Structure formats: structure tokens, C-alpha cells
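Please look at the sequence and the structure below, and keep both in view as you read this briefing. The points that follow are grouped by topic, so that each part can be found in the picture before moving on to the next.

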Amino acid sequence: MNDPTLHFSRSEFAARLAKTREAMQSAGFDLLIVSDPSNMNWLTGYDGWSFYVHQAVVVPMSGDPIWFGRGQDANGALRTCYMGSTDIIGYPDHYVQSTQRHPMDYLSAQLLDRGLARGVVGVEMDNYWFTAAAFAALQKGLPDARFADATALVNWQRAVKSESELAYMRQAGALVGKMHAR
């Protein structure tokens with residue numbers, strides 16, 4: 001497998017993760033489940049148009065984050081996320097649009113296996129990509145966890161831009177300036 005294509009350095013991602021964990025700790029979260037695609041990208045580098053199916057980035061208080069999504073999208077995650085293959089979890093297609101099972105059932109089982117099924121779990125409750133059915137499935141699958149709203153927790157960490165982000169923004173501004181001048 002080739003190394004992933006990262007648009008930011010691994011140290012940049014480590015700093016983002018540290019900021020997020022500090023905010024998690026302040027909010028009293030033991031685990032964070034992020035479903036907003038822009039927040040997932042900011043935390044891991046994942047860059048795919050696969051948000052039409054359930055996906056998430058799980059942030060534990062230590063170790064790498066975990067990318068979770070449809071099995072066929074896992075290869076894209078392997079190519080755009082900095083985490084290793086053990087932290088890329090793809091669920092089978094029979095979970096997609098099923099009335100018998102939910103992808104969050106699969107995620108719950110994975111979190112149980114990893115010992116991440118207890119404590120306070122923050123979820124982005126007021127988010128277009130996190131449904132009531134996803135929440136109900138997590139509650140059922142993680143009975144020893146308590147859930148709390150983590151809407152905008154990652155967004156606030158993204159608000160103050162790093163030097164790397166500012167450099168990209170300056171490049172984009174210069175290109176737009178040239179376009180307007182033309």
C-alpha cells in the first residue's frame with residue numbers, strides 16, 4: 001500500500017488532535033464521534049464524497065482517531081487519512097439503507113471490541129449528517145455509555161488557523177486576486 005496523500009503534515013494533524021482532546025476533556029467527554037465531513041477532514045485528512053452514507057471519525061482520549069464508513073470507501077480513507085489500516089473500519093454493504101440493521105450497530109460493536117464503549121460519548125447532535133436513527137442505534141449498542149451533545153466542538157478548534165492553513169489561504173487569495181485582475 002502506498003503512503004496516503006496528505007495535504008498537511010502529520011505534526012499538523014497531531015496539533016489538531018491535541019486541541020480537540022483538550023476541548024473534549026474540558027467538556028467532560030471520554031470519546032468523540034464526529035460526523036461532519038469538514039470536521040472529519042480537518043482531523044484526519046479524509047477527503048471523499050461519501051457522506052451520503054453513514055460515516056464518522058471516532059476520537060478516543062489517546063491513540064489515533066478511527067475512521068468509520070462504508071466498506072467501499074475505506075480504500076479512499078487509506079489513501080487520504082494519516083492513520084494506519086487498523087484504524088480504518090469499513091462496514092459491509094448490507095448495512096446501507098437497511099431497515100433491519102444500522103451502520104451504527106456495526107460501529108457500536110467495533111467500539112465494544114476496542115474497549116471504547118463506556119463513559120461520556122460526545123456526538124454532533126445538531127448536524128445534517130447525524131440522524132435520529134444513528135443516535136438511537138448508538139444508544140442501543142452502547143448501553144454503558146452516556147451521550148452528550150458535542151455540536152461545534154471541533155468547529156471551534158478549526159476557527160483559529162494554523163500557519164499551514166494560513167499559507168494555503170494566502171495562496172488561494174493570490175489566485176483569486178489574479179482571476180479578478182484578469
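This is a predicted model, and a useful place to begin is the end of one helix: H4 is followed by Gly115, whose phi is positive, near 70°. From there the briefing turns to the sheet, to the helices that pack on it, and to a few single residues.

**The sheet as a whole**

- The 6 strands form an open sheet in the order E4-E3-E2-E1-E5-E6, and the pairing within this sheet is mixed.
- The edge strands are E4 and strand E6 (145-149), each of which pairs on one side only.
- Direction ignored, neighbouring strands of this sheet are turned by 20° against each other on average.

**Strand E2 and its neighbours**

- E1 and E2 run antiparallel and are joined by 4 bridges; in this pair, Leu32 stands opposite Val59 in E2, while Ile33 stands opposite Val58 in E2.
- E2 and E3 also run antiparallel, with 3 bridges joining them, and the bridge partner of Val58 in E3 is Ile66.
- E2 and E3 form a hairpin with 5 residues between them, and in the turn Gly63 has a positive phi of about 80°.
- How many of the residues of E2 are buried? The strand is mostly covered, since 5 of its 5 residues are buried.
- Both faces of E2 are covered, with Ala56, Val58 and Pro60 buried on one side and Val57 and Val59 buried on the other.

**Helix H4 on the sheet**

- In helix H4, which spans residues 103-113, the buried residues are Pro103, Met104, Leu107, Ser108, Gln110 and Leu111.
- Seen down the axis of H4, these buried residues fall within an arc of 165°, so they line one face of the helix.
- A general rule helps in reading such a pattern: an α-helix has 3.6 residues a turn, so residues three or four places apart point the same way.
- The buried residues of H4 pack against strand E1 (31-34), strand E2 (56-60), strand E3 (66-70), strand E4 (88-91) and helix H5 (132-141).

**Helix H5 and the crossover**

- E5 and E6 run parallel and are joined by 5 bridges, and the bridge partner of Val121 in E6 is Phe147.
- The chain crosses from E5 through H5 to E6, and this β-α-β crossover is right-handed.
- H5 lies across E1, strand E5 (119-123) and E6, and H5 runs at about 155° to E6.
- Which residues of H5 are buried? Among the residues of this helix, Ala134, Phe135, Ala137 and Leu138 are buried.
- These four residues cover an arc of only 165° around the axis, which puts them on the same side of H5.
- The buried residues of H5 are covered by elements that include E1, H4, E5 and E6, whereas Ala132 and Lys140, on the other side of H5, are exposed.

**Helices H1 and H2**

- The axes of helix H1 (residues 10-27) and helix H2 (residues 37-44) come within 7 Å and cross at roughly 120°.
- The contact is made by Phe13, Arg16 and Thr20 of H1 together with Asn41, Trp42, Leu43 and Thr44 of H2.
- Two packed helices are described by the angle between their axes and the distance between the axes.
- H1 and H2 are therefore oblique to each other, because an angle counts as oblique when it falls outside the ranges for roughly parallel (under 35 degrees), roughly antiparallel (over 145) and roughly perpendicular (65 to 115).

**Two residues to find in the picture**

- Lys140 is found in helix H5 and is exposed, with a relative accessible area of 71%, which lies above the cut-off because exposed means over 50%.
- Lys140 and Ser108 are 32 residues apart along the chain, and their C-alpha atoms are separated by 8.7 Å.
- Val96 is found in the loop between E4 and H4, and, not counting residues up to four places away in sequence, Val96 touches Val53, Arg70 and Tyr91.
- The C-alpha atoms of Val96 and His54 are separated by 8.2 Å, although these two residues are 42 residues apart along the chain.

Methods: Residues numbered from 1 in each chain as written. Predicted model: local features only at pLDDT ≥ 70, side-chain atom pairs only at ≥ 80, totals over all residues. Heavy atoms only, no water. Buried < 20%, exposed > 50% of the residue type's maximum accessible area, 1.4 Å probe, protein only. Helix = DSSP H or I, 4+ residues; strand = E, 2+ residues; numbered from the N terminus. Arc of directions from axis to C-beta. Contact = heavy atoms within 4.5 Å. Pairing = 2+ DSSP bridges. Axes fitted to C-alpha atoms, helices over the stretch in contact; angles between N-to-C directions. Right-handed = clockwise from strand over helix to strand, strands pointing away.
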